Amino acid sequence: MITLALSKGRIFDETLPMLAKAGITVSEDPESSRKLILPTSSPNLRVIIVRASDVPTYVQYGAADIGVAGYDVLAEHGMDGLYAPIDLGIAKCRLSVAVRDGFDYVSAVRQGARLRVVTKYVEQAREHFANKGVHVDLIKLYGSMELGPLVGLADAIVDLVSTGNTLKANQLKEVEVISQISSRLVVNQAAYKRRREQLQPLLDAFSKV
Ligand code: ATP
Ligand code: PRP
Ligand code: MG
């Protein structure tokens with residue numbers, strides 16, 4: 001049995017058509033079912049539903065053989081025990097710095113101001129500002145980062161941007177792109193070596209689509 005770890009929402013929704021092209025359908029919809037282990041039309045494959053940021057953990061420890069995770073999540077988690085052989089080109093977005101519409105970020109940075117930044121992506125934010133030589137106090141949040149600058153918690157946010165609608169709706173502007181993000185197939189390193197024959201057809205199917 002091969003176990004594939006997916007998160008509900010866009011990752012599940014965008015992975016489904018790729019499985020379909022390999023002739024595999026998933027028995028239930030995680031949005032309506034409370035089940036966390038979903039059988040598929042293939043007797044050798046099951047899907048487990050986990051939080052997006054937990055996908056690398058399940059795969060690293062071998063509780064799932066493979067998974068689909070955003071590069072944002074992988075960069076934060078680290079690649080210990082994982083292979084990420086295929087960029088699936090789904091769930092595309094970017095990791096960016098954003099501030100309030102009226103905030104002069106460029107001047108603040110030029111003047112060497114110390115900035116308060118809220119983010120879920122502490123490691124990537126730390127690296128970005130260290131490379132730029134900008135002094136920051138990072139505050140970890142788990143969601144709704146866009147609120148931070150509006151209520152005086154922070155000067156800036158580091159968060160994912162796609163259409164820019166969320167920034168716009170909250171009077172924020174994007175001032176720097178840190179990285180382009182898409183989702184990758186991640187494989188447990190030990191499984192990749194020991195169960196290569198079982199995994200290869202699935203890996204081939206993913207790399208084709
Ligand atoms: P959780 O619900 O556990 O906090 P999450 O909010 O990160 O997780 P999703 O919103 O489903 O879960 O995001 C999963 C992945 O999809 C992210 O890691 C990122 O790579 C990508 N992603 C996030 N937001 C967007 C977006 N607005 N447009 C495109 N891709 C996105
Ligand atoms: C993500 C991200 C941003 C938003 C950006 O949130 O955290 O808030 O998308 O997308 P946009 O530029 O197209 O507006 P998501 O939709 O995943 O909601 P969440 O807060 O439940 O994670
Ligand atoms: Mg999200």
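Which polar side-chain atom lies 2.5 Å from an oxygen atom of ligand 2? It belongs to T163. The points below go through both ligands and their pocket.

1. Status. This is a predicted model. Read every distance and area below as computed from that model.

2. Polar contacts of ligand 2. The T163 side chain places a polar atom 2.5 Å from a ligand 2 oxygen. G164 uses its backbone: a polar atom there is 2.7 Å from an oxygen atom of ligand 2. D159 contributes through its side chain, with an N or O atom 3.4 Å from a ligand 2 oxygen. Ligand 2 on its own has 500 Å² of accessible area, and the protein covers 58% of it.

3. Shell of ligand 2. The residues around ligand 2 are R10, E146, D159, L160, V161, S162, T163, G164, N165 and T166. By class, that shell has two nonpolar, five polar and three charged residues.

4. Elements around ligand 2. β9 (156-161) and α6 (165-169) each supply at least two residues of this shell. β9 gives the most, with three residues.

5. Polar contacts of ligand 1. R10 has a polar side-chain atom 2.7 Å from an oxygen atom of ligand 1. The K120 side chain also meets a ligand 1 oxygen, with an N or O atom at 3.2 Å. A91 works from the backbone: an N or O atom there lies 3.3 Å from a nitrogen atom of ligand 1. Taken alone, ligand 1 exposes 620 Å², of which the protein buries 75%.

6. Shell of ligand 1. There are 15 residues around ligand 1. R10, R51, D72, K92 and K120 come nearest. By class, the shell has seven nonpolar, two polar and six charged residues.

7. Location. Where does each ligand sit? Ligand 2 sits in the largest pocket. The space taken by ligand 1 is the largest pocket as well. The elements giving two or more residues to the shell around ligand 1 are α1 and α3.

8. Pocket size and centre. The largest pocket has a volume of about 1100 Å³. Its lining counts 40 residues. R10, D72, K120, Y121 and L160 lie nearest the pocket centre. Among them, R10 appears in the list of residues around ligand 2, and R10 is also one of those that come nearest to ligand 1. L160 is in the ligand 2 shell. D72 and K120 are among the residues nearest to ligand 1.

9. Pocket walls. Which elements each supply at least two residues of the lining? They are α1 (10-21), β4 (66-70), α3 (71-77), β9 and α6. The largest share comes from α3, with four residues. By class, the lining has 14 nonpolar, 14 polar and twelve charged residues.

10. Putting the elements together. α1 and α3 serve the ligand 1 shell. β9 and α6 serve the ligand 2 shell. These four elements are among those that line the largest pocket.

Notes. Residues are numbered from 1 along each chain as its sequence is written. Chains are lettered from A and ligands numbered from 1 in the order in which they are written. This is a predicted model: local features need pLDDT of at least 70, side-chain atom pairs count only at pLDDT 80 or more; totals for chains, interfaces and linings use all residues. Side-chain values use heavy atoms; hydrogens and water are left out. A residue is near a molecule or strand if one of its heavy atoms lies within 4 Å of it. A polar contact is a pair of N or O atoms within 3.5 Å; within protein, one must be able to donate a hydrogen and the other to accept it, and residues adjacent in sequence count only if both atoms are side-chain atoms. Accessible areas come from the Shrake-Rupley method with a 1.4 Å probe; for residues, only the protein chains shown count as cover. On a 1 Å grid over the protein atoms alone, a cavity is a set of points where a 1.4 Å probe fits but cannot get out, and a pocket is an open set with protein on both sides within 12 Å along at least five of seven lines; lining residues have an atom within 4 Å of a point. A molecule sits in a cavity or pocket if more than half of its atoms lie within 2 Å of its grid points. Ala, Val, Leu, Ile, Met, Phe, Trp, Tyr, Cys and Pro count as nonpolar, Asp, Glu, Lys and Arg as charged, and the others, Gly among them, as polar. Grid points are joined across faces, edges and corners, and a volume is the space filled by probe spheres set on the points.
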